Amino acid sequence: MSQKFRVANVNDLAVGKGIEVVAGDRVIAMFRTETGLHAIDGICAHAGGPVGKGVLTGSVVTCPWHGWQYDVTNGKHCLTPRICQQPFPTSIEGEDVYVELP
């Protein structure tokens, strides 16, 4: 059964930027692109870097530690799609942003 967590105010997420949030016991990387809000696992698969603190270009985030890149819309690594940061459903209710975790 999934659980929904309030993680931010919609005004905390500027288009083209990411933030790091905590939902339950998970670190989540939240991004706002031109197409909407996206949430993926915030701990980089390579070395545990803070994905939410990376630079976002379009829908691709670059982890600040070692440059691994992920598509924030689906969590897939840009060079090796079998490597994937788990994506999570997001929603907005009023000004509150929610992430749904399994």
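These questions and answers walk through strands, sheets and charged pairs in a predicted model.

Reader: Which strand is the partner of E2 in a hairpin?
Author: Strand E2 covers residues 17-23. Seven bridges join this strand to an antiparallel neighbour, residues 26-33. Two residues lie between the two strands of the hairpin, and Gly-24 in the turn has a positive phi of about 60°. The partner is E3.

Reader: What is the bridge partner of Ala-23 in E3?
Author: Strand E2 ends at residue 23, and E3 begins at residue 26. The two strands run antiparallel. The bridge partner of Ala-23 is Arg-26.

Reader: Which residue forms a salt bridge with Arg-26?
Author: Arg-26 lies in strand E3, and the other residue lies in strand E4 (residues 36-41), so the pair ties together parts that are 15 residues apart in sequence. The closest N and O atoms are 3.5 Å apart. That falls within the 4 Å cut-off for a salt bridge. The residue is Asp-41.

Reader: Is Asp-41 buried or exposed?
Author: Buried means under 20% relative accessible area. Asp-41 has 18% relative accessibility. Its salt-bridge partner Arg-26 counts as partly exposed, at 24%. Asp-41 is therefore buried.

Reader: Which strands stand at the edges of the sheet E5-E6-E7?
Author: This open sheet has three strands with antiparallel pairing. Two of them have a single partner strand each, so one side of each is left without a neighbour in the sheet. The edge strands are E5 (55-57) and E7 (69-71).

Reader: Which residue in E7 stands opposite Val-61?
Author: Strand E6 covers residues 60-62. E6 pairs with E7 in the antiparallel sense over three bridges. Opposite Val-61 stands Tyr-70.

Reader: What is the order of the open sheet that holds E1, E9 and E10?
Author: Strands E1 (3-9) and E9 (90-93) stand at the edges, each with a single partner strand. Four bridges join E9 to E10 (residues 96-101), and these two run antiparallel. Neighbouring strands of the sheet are turned by 35° against each other on average, direction ignored. The order is E1-E10-E9.

Reader: Which residue meets Lys-4 in a salt bridge?
Author: Lys-4 lies in strand E1 and its partner in strand E9, so the pair ties together parts that are 89 residues apart in sequence. The N to O distance is 2.4 Å. Lys-4 is partly exposed at 43% relative accessibility, and the partner is partly exposed at 38%. The partner is Glu-93.

Reader: Lys-4 lies over the face of which residue?
Author: A charge over a ring needs NZ of Lys within 6 Å of the ring centre. Lys-4 lies at 5.1 Å from the ring centre. The residue is Tyr-98.

Reader: Which residue stands opposite Glu-93 and forms a salt bridge with Arg-6?
Author: The residue opposite Glu-93 is in E10. Arg-6 is in strand E1, 90 residues apart from its partner. The closest N and O atoms of the salt bridge are 2.9 Å apart. The residue is Asp-96.

Reader: How many salt bridges does the count come to?
Author: Lys-4 pairs with Glu-93. Arg-6 pairs with Asp-96, and Asp-41 with Arg-26. The count comes to three.

Reader: How many aromatic pairs are there?
Author: Ring centres must lie within 6.5 Å to pair. By this rule the count comes to zero.

Notes:
Residues numbered from 1 in each chain as written. Predicted model: local features only at pLDDT ≥ 70, side-chain atom pairs only at ≥ 80, totals over all residues. Heavy atoms only, no water. Phe/Tyr/Trp six-rings, centres within 6.5 Å; stacked < 30°, edge-to-face > 60°. Lys NZ or Arg CZ within 6 Å of the ring centre and 35° of its normal. Pairing = 2+ DSSP bridges. Axes fitted to C-alpha atoms, helices over the stretch in contact; angles between N-to-C directions. Salt bridge = Lys/Arg side-chain N within 4 Å of Asp/Glu carboxyl O. Buried < 20%, exposed > 50% of the residue type's maximum accessible area, 1.4 Å probe, protein only.
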